[in-house]
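Let's take a walk through this one together, starting with the empty spaces and ending with the backbone oddities. Have the structure open and turn it as you read.

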Amino acid sequence: TWDLRGHGASDAPPPDCYGRSEALGDLAAVLDAAGRPAILVGHSLGVYLSLAYALGQPDDVAGLVLVATGPGFRKEESRREWNDSGRAAAANLDLPEGAEGLSLHVDSMVIDRLAEIQIPTLVVLGERDRRFAPSVAVFESYLDVHDIVVVPEMGHMVHAKAPEEVAIAVRAFTSSLH
């Protein structure tokens, strides 16, 4: 598994070492140890970064599981609102200084290039996750979506609140790739 810098069991580097390029380098290091190609399974920001990784290293990725996430923002105002909410949330969490840099959207690279990702994809969403529900249609339009699983009664933390349902969907998807 991959913990983002300053999260979980990962180290906390200096404040200026949290950004997309550093996160993607960390993911590459995990794949160096785990092997390639890999099926990347992530939640929220982890998926956004996995999409960015798949754009840069498509041969490293055999499949994508997108759990409760979005593809980023084209509009500067939307990015600014997202970044402001991310900074506010980070201030309320026990994260190392600078860790909020991982979640900042600095451009529209991922959403602008989604159609370049030609990798089998599973989308999982909680029925009550209204923030990311519109992203499902975007993913369907641009990605090779094999299945969409909407877990009833669940919100954004669908993987934590309904782990069995999510695991069943992931197992079915990964089995279909072999």
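How much space lies in the largest pocket? About 560 Å³. Before going on, a word on where this comes from: the model is predicted, local features need pLDDT of at least 70, side-chain atom pairs count only at pLDDT 80 or more, and totals for chains, interfaces and linings use all residues. Residues are numbered from 1 along each chain as its sequence is written, and side-chain values use heavy atoms, with hydrogens and water left out.

What counts as a pocket here? Work on a 1 Å grid over the protein atoms alone: a pocket is an open set of points with protein on both sides within 12 Å along at least five of seven lines, a cavity is a set of points where a 1.4 Å probe fits but cannot get out, and lining residues have an atom within 4 Å of a point. Grid points are joined across faces, edges and corners, and the volume is the space filled by probe spheres set on the points.

Back to the largest pocket. It is lined by 24 residues, and His7, Ser44, Leu45, Trp82 and Ser103 are the closest to its centre. Both α2 (45-56) and α3 (76-92) supply at least two lining residues, with α3 giving the most, five residues. (Helices are DSSP runs of H or I with at least four residues, strands are runs of E with at least two, and both are numbered from the N terminus.) By type, the lining splits into eleven nonpolar, nine polar and four charged residues; Ala, Val, Leu, Ile, Met, Phe, Trp, Tyr, Cys and Pro count as nonpolar, Asp, Glu, Lys and Arg as charged, and the others, Gly among them, as polar.

Now swing over to the second largest pocket, with a volume of about 430 Å³. Of its 18 lining residues, Thr1, Trp2, Leu40, Val41 and Gly42 lie nearest the centre. α1 (20-34), β1 (38-43) and α2 each supply at least two residues of this lining, and the largest share, six residues, comes from β1. Here the lining divides into eleven nonpolar, six polar and one charged.

There is also enclosed space: one cavity of 30 Å³ or more turns up, and the largest cavity holds about 30 Å³. Leu66, Ala68, Thr69, Val123, Val124, Leu125, Phe132, Val136 and Phe139 line it. The elements giving two or more residues to that lining are β3 (120-126) and α5 (133-142), and β3 gives the most, with three. Eight of the cavity-lining residues are nonpolar, one is polar and none is charged.

Next, the sheet. Four strands form an open sheet in the order β1-β2-β3-β4, with parallel pairing; two strands pair if DSSP finds at least two bridges between them. β1 and β4 (144-151) are the edge strands, each pairing on one side only. Neighbouring strands are turned by 15° against each other on average, direction ignored. Between β3 and β4 there are seven bridges in the parallel sense, and Val124, part of the cavity lining, has Val149 of β4 as its bridge partner. α2 packs on this sheet, touching β1 and β2 (61-67), and its direction makes about 155° with that of β2. Axes are lines fitted to C-alpha atoms, for helices over the stretch in contact, and angles run from 0 to 180 degrees between N-to-C directions.

α2 packs against α1 as well, at an angle of about 75° with the axes 10 Å apart. That makes α1 roughly perpendicular to α2, the word for angles of 65 to 115 degrees. The contact (heavy atoms within 4.5 Å) involves Arg20, Ala23, Leu24, Leu27, Ala28 and Leu31 of α1 and Tyr48, Leu49, Ala52 and Tyr53 of α2. Nine of these contact residues are nonpolar, none is polar and one is charged.

Finally, two spots in the backbone. Most residues other than glycine have a negative phi, and most peptide bonds are trans. Yet the peptide bond from Arg36 to Pro37 is cis, with omega near -10°, and Pro37 sits in the loop between α1 and β1. Ala68, in the loop between β2 and α3, has a positive phi of about 50° although it is not a glycine. You have met Ala68 already, in the lining of the largest cavity.

How values were computed:
Angles under 35 degrees count as roughly parallel, over 145 as roughly antiparallel, 65 to 115 as roughly perpendicular and the rest as oblique.
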